[in-house]
Amino acid sequence: MRRFDNYIFDLDATLYRDNGEVEADCERLVDEFFRVRLGFSAEEARRQREMILQKYRYEAQAMENGFGVSEKEFMDYICNVEVGHLPPNPQLEAKLRRLPGRRFVYTDSTVGHVADTLCRLGVDLRVFDAVCDAERTGFKFKFQKESFEEFFRIYGIKPQNSVMFEDSLRNLEIAKSFGMTTVLISPRREEKAFADFRFSDINKALDAFVEE
Ligand SMILES: [Mg+2]
């Protein structure tokens, strides 16, 4: 495998195998935020979320204009998910350390959630040169090209010299459009039009990319 200058990792369902619990807990917290913080009934909360998703694609982007609540407050609330059930991955840190380039976590969540998750997995946060969360990209998200552009700008990243590990085909499509090498992490044999490689889990992917 060729060397890359930058090894870029999504967090959720990429650096650990997701069986849906983390996502479900996040969904529960979004619902709770609408009811408890914004004061909507359960039914009105559902209606508001549908309207927002039609207009913005993601609830965070409606917070400031729609409800006078900062995106940061919303994101901190909904990313405070339970990760105690995730199994530790004792091999992950050593595999990451063997990559011959800079290492990044690039996530639509929060630095706090990254720290909690890596701690649970048994990976020292300092293995990574940087963690880029949604706040760092000005609350642009990875389904937006602007998020990638901001990420490249902040860290001086040339996409052509970079590889991205992701579970989201939607995000990989954008990564590919910038000329990145793309690695889909998915246990399913799904369509991989935008993925240069697919591996069933992160350990197998890293085995293919680390130097012998
Ligand atoms: Mg993910």
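**Exercise 1. Where is Lys142 found, between which strand and which helix?**

Before starting, note that you are working with a predicted model.

*Solution.*
Step 1: Follow the chain to the loop between strand 3 and helix 7 (145-155), and you will meet Lys142 there.
Step 2: Decide whether this lysine is buried or exposed. A residue is called buried when 20 or more other C-beta atoms lie within 10 Å of its own. Lys142 has 22 other C-beta atoms within 10 Å, so Lys142 is buried.
Step 3: Look for its partners. Setting aside residues up to four places away in sequence, Lys142 touches Asp108, Ser147, Asn171 and Ile174.
Step 4: Take one of these partners and check the distance. Asp108 is 34 residues from Lys142 along the chain, and their C-alpha atoms are separated by 6.6 Å.

**Exercise 2. Work out how the buried residues of helix 7 are arranged, and what covers them.**

*Solution.*
Step 1: Pick out the buried residues of helix 7, which include Ser147, Phe148 and Phe151.
Step 2: Look down the axis of helix 7. Its buried residues fall within an arc of 95°, so they line one face of the helix.
Step 3: Turn to the face directed away from that buried side. Here you will find the exposed residues Lys145, Glu146 and Arg153.
Step 4: Find the cover. Strand 2, strand 3 and helix 8 (169-177) are among the elements that cover the buried residues of helix 7.
Step 5: Step just past the end of helix 7, where Gly156 takes a positive phi of about 60°.

**Exercise 3. Carry out the same kind of study for helix 6 (residues 111-121).**

*Solution.*
Step 1: List the residues of helix 6 that are buried: His113, Val114, Thr117 and Leu118.
Step 2: View the helix along its axis. The buried residues of helix 6 fall within an arc of 125°, so they line one face of the helix.
Step 3: Ask what lies over them. The cover of these buried residues includes strand 2 (102-106) and strand 3 (130-132).
Step 4: Look just after helix 6, and you will see Gly122 with a positive phi of about 90°.

**Exercise 4. Describe how helix 1 (residues 21-37) and helix 2 (residues 42-56) pack.**

*Solution.*
Step 1: Begin with the geometry. The two helices pack at an angle of about 115°, and their axes are 9 Å apart.
Step 2: Add the handedness: helix 1 passes helix 2 in a right-handed crossing.
Step 3: Name the residues that meet. Helix 1 brings Asp31, Phe34 and Arg35, while helix 2 brings Ala42, Ala45, Gln48 and Arg49.
Step 4: Sort this contact by class, which gives three nonpolar, one polar and three charged residues.
Step 5: Visit one more residue of helix 1, Val22. Val22 has 22 other C-beta atoms within 10 Å and is buried. Leaving aside neighbours within four places in sequence, Val22 is in contact with Asp12, Val81 and Val83.

**Exercise 5. Which domains does the assignment give, and how many residues of each are in contact with the other?**

*Solution.*
Step 1: Read the bounds. The domain assignment gives domain 1 as 6-16 + 87-209 and domain 2 as 21-78.
Step 2: Compare positions: the C-alpha centres of domain 1 and domain 2 lie 25 Å apart.
Step 3: Count the contacts. Eight residues of domain 1 are in contact with eight residues of domain 2.
Step 4: Classify the side of domain 1 that touches domain 2. Four of its residues are nonpolar, two are polar and two are charged.

Methods:
Residues numbered from 1 in each chain as written. Predicted model: local features only at pLDDT ≥ 70, side-chain atom pairs only at ≥ 80, totals over all residues. Buried ≥ 20, exposed ≤ 12 C-beta atoms within 10 Å, placed from the backbone. Helix = DSSP H or I, 4+ residues; strand = E, 2+ residues; numbered from the N terminus. Arc of directions from axis to C-beta. Contact = placed C-beta atoms within 7 Å. Domains from an automatic or database assignment. Nonpolar A, V, L, I, M, F, W, Y, C, P; charged D, E, K, R; others polar. Axes fitted to C-alpha atoms, helices over the stretch in contact; angles between N-to-C directions. Left-handed = near helix turned anticlockwise from the far one by under 90°.
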